[in-house]
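Thanks for coming. I have one structure to go through today, and I will keep to what the coordinates give us. Please look at the screen.

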Amino acid sequence: MAILMPRIIQAKQIFRRSLSNRSSNTYMAIPKGYFAVYVGEQEKKRFVVPISLLSRPAFQELLCQAEEEFGYSHPMGGLTIPCSEDIFTDLASRLGAF
């Protein structure tokens, strides 16, 4: 479990920074226990997913890809995942997010 903790901490840092960068006009309510991610290659689509996904190895791989591509700068105001919408929805549904 100690191996997974740094990635979870990194994800929390990304999320906090993206929360601090958002404007009040683009903010939409997110239920407690969930967070927003933006997914897509050309046009980004917003998904609200449970925080429990952060502990799943498959989702952590997406977080690593996001860190490599974007670092801690996420211009959409939420965590941006660099994959297609179809891949993300397939993975999220297999992990029980939807």
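When I say that one part covers another, I am counting contacts, and contact here means heavy atoms within 4.5 Å. This is a predicted model.

First, the outline. The protein chain has 3 helices and 3 strands, and along the sequence they come in the pattern α-β-β-α-β-α. Of the 98 residues, 36% are buried. Taking contacts between residues at least 6 apart in sequence, 56% join residues at least 24 apart.

Now confidence. The mean pLDDT of the chain is 76, with 67% of residues at 70 or more. Among the elements, β2 has the highest mean, 91, and helix α1, residues 5-21, has the lowest, 52. Residues 17-26 fall below 50, and beyond near neighbours in sequence that stretch has 7 contacts in the model.

The part I want to dwell on is helix α3, residues 85-94. Which of its residues are buried? They are Phe-88, Leu-91 and Ala-92. Viewed down the axis of α3, the buried residues fall within an arc of 95°, so they line one face of the helix. The general background is that an α-helix has 3.6 residues a turn, so residues three or four places apart point the same way.

What covers that buried set? The cover includes β1 (34-39), β2 (45-50) and α2 (57-70). On the other side of α3, Asp-86 and Arg-94 are exposed. After the helix comes Gly-96, with a positive phi near 85°.

Last, the surface: the accessible area of the chain is about 6000 Å², and carbon and sulfur atoms account for 53% of that.

Methods:
Residues numbered from 1 in each chain as written. Predicted model: local features only at pLDDT ≥ 70, side-chain atom pairs only at ≥ 80, totals over all residues. Heavy atoms only, no water. Buried < 20%, exposed > 50% of the residue type's maximum accessible area, 1.4 Å probe, protein only. Helix = DSSP H or I, 4+ residues; strand = E, 2+ residues; numbered from the N terminus. Arc of directions from axis to C-beta. pLDDT = per-residue confidence, 0-100. Areas by Shrake-Rupley, 256 points an atom, 1.4 Å probe, with all protein chains shown as cover.
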